[in-house]
Amino acid sequence: MTAMIDDRRETEPMTASAAFPATRLRRNRQHPWLRRMVAETTLSPADLVWPLFVHDHEASLPVASLPGVERLSIDGVVKAVDEARQLGIPAVALFPVVEPRLKSDDAAHATDPDNLICRTVRAIRRQCGDAVGVICDVALDPYTSHGHDGLLHDGRILNDETVEVLCRQAVVLAEAGCQIVAPSDMMDGRVGAIRRALDAAGRQEVCILSYAAKYASAFYGPFRDAIGSATALGAADKKTYQMDPANSDEAIREVALDLAEGADMVMVKPAGVSLDIIHRVKQSFGVPTFAYQVSGEYAMIHAAVANGWIDGEKAALESLLVIKRAGADCILTYFAPQVARKLA
Ligand code: PBG
């Protein structure tokens, strides 16, 4: 385990000059330009990743619980990627809406090199080159008839058997041109196994962004609506593999293991209700730390906006700024295009 880096600034004693009235902290807050100069955290389009949903239809289809978010055709995704490039957003994260007839208990379609997500990745790389990074989830939930991220047997999620499928899924994604694979399934040992599988396939250059500390959260609801895994999952939950929100030390162990197994970046999810975890992970390991402002967080802000209760733009900016302040280097957020436009 990596040693905790202690945050010295927090333990420094107050000096005598810190006393009022010589010190007036309001002095630095007087003007917008002054506030900008002393800002400890900034937000830029380069801090954002834009999650995109792709489906196998020409017309785009709104996601009711995610206002402003649509399931796009492959062409629509290619256009969005070009928009990301123009906005200075460095990468997109792709999620497929898989036709129910292609879902099965063994998630076989996940490893088909001609599935929707692989075709989308190839189209992006063909038409947009390397201008914007492509991040793909490695997990089985879009492909399983039961909506779980892993293989289900006798009511239990099989770990090692799932990892084998995830390895094949990661390799087909890499071969399609995805530069970052992002295991979001929370099986044990999958990062190391995926690293070995990618290397064996000659894909040493492909990065692994591990969803290392992913909690069994109520805030994923709208995402599951968007990809259609909610109906499949029904009343079941993912608590035997996703983390208990009660735990923090365990998040550190998860991150330590994934780094030891070869993760290039780690993710904490959901972001807004895990600011303490983001902070601890960044302080403890000093590695690229990503955070996912998930669908439910986005939906909550929009719901309040729809009621006229809060200013959506300000709330979006603030919610993202504090995720960065907590220690995130990069944030996956459905607000990415609006916020990048605002920051431009
Ligand atoms: C599935 C996955 C989920 C999200 C990203 N990948 C949902 C889940 O774990 O059930 C959630 C993202 C969001 O809510 O925006 N492996």
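**Figure 1. The buried face of helix α8.** In α8, the buried residues are A251, I252, E254, V255, A256 and D258, where buried means under 20% relative accessible area, exposed over 50% and partly exposed in between (1.4 Å probe, protein chains only). Helices (H or I, at least four residues) and strands (E, at least two) are DSSP runs, numbered from the N terminus. Before you look further, please note that this is a predicted model, in which local features need pLDDT of at least 70 and side-chain atom pairs count only at pLDDT 80 or more, while totals for chains, interfaces and linings use all residues. Residues are numbered from 1 along each chain as its sequence is written, and side-chain values use heavy atoms, with hydrogens and water left out. Helix α8 covers residues 249-260, 12 residues in all, and reaches 17 Å from its first C-alpha to its last, close to the 16 Å expected at 1.5 Å a residue; the expected span is 1.5 Å times one less than the number of residues in the helix. The cover over its buried residues includes α5 (190-200), β9 (207-214), β10 (265-269) and α9, with contact meaning heavy atoms within 4.5 Å. After α8 comes G262, whose phi is positive, near 115°.

**Figure 2. A close look at V255.** Stay with helix α8 for this view, since V255 lies in it. Is V255 buried or exposed? V255 counts as buried because its relative accessibility is 1%. Setting aside residues up to four places away in sequence, V255 touches A212, V266, V281 and F285. V255 and Y211 are 44 residues apart in sequence, and their C-alpha atoms are 8.9 Å apart in space.

**Figure 3. Helix α9 against helix α11.** Here you see α9 (residues 275-285) packing with α11 (residues 312-326) at an angle of about 35°, their axes 8 Å apart. Axes are lines fitted to C-alpha atoms, for helices over the stretch in contact, and angles run from 0 to 180 degrees between N-to-C directions. Which residues make the contact? From α9 come L275, I278 and H279, and from α11 come V322, I323 and A326. Sorted by class, the contact has five nonpolar residues, one polar and no charged ones. For this sorting, Ala, Val, Leu, Ile, Met, Phe, Trp, Tyr, Cys and Pro count as nonpolar, Asp, Glu, Lys and Arg as charged, and the others, Gly among them, as polar.

**Figure 4. Helix α10 and its cover.** Helix α10 (residues 295-306) has 12 residues and reaches 16 Å from first C-alpha to last, close to the 16 Å expected at 1.5 Å a residue. Its buried residues are S295, G296, E297, Y298, A299, I301 and A304. Among the elements that cover them are α6 (221-227), β11 (289-293), α11 and α12 (336-343). α10 is followed by G308, which has a positive phi, near 75°.

**Figure 5. L151 and the loop after its strand.** L151 is found in strand β6 (residues 151-153) and counts as buried, at 13% relative accessibility. Leaving aside neighbours within four places in sequence, L151 is in contact with D105, D106, L140, R156, I157, L158, E161, T162 and V165. D75 is 76 residues from L151 along the chain, and the two C-alpha atoms are separated by 32 Å. In the loop between β6 and β7 (156-158) sits D154, a residue other than glycine with a positive phi, near 50°. D154 is exposed because its relative accessible area is 70%.

**Figure 6. Two cis peptide bonds and the backbone at M186.** One cis peptide bond joins F20 and P21, with omega about 5°; P21 belongs to the segment before α1 (32-38). Another joins K269 and P270, with omega about -5°, and P270 lies in the loop between β10 and α9. M186 is also worth finding, in the loop between β8 (180-183) and α5. Phi of M186 is near 70°, a positive value in a residue other than glycine. M186 counts as buried, at 4% relative accessibility.

**Figure 7. The whole chain, for orientation.** The chain has 12 helices and 12 strands, and its C-alpha trace spans about 70 × 45 × 40 Å along its principal axes. Buried residues make up 52% of the 344 residues. Of the contacts with a separation of 6 or more, 76% are between residues 24 or more positions apart.
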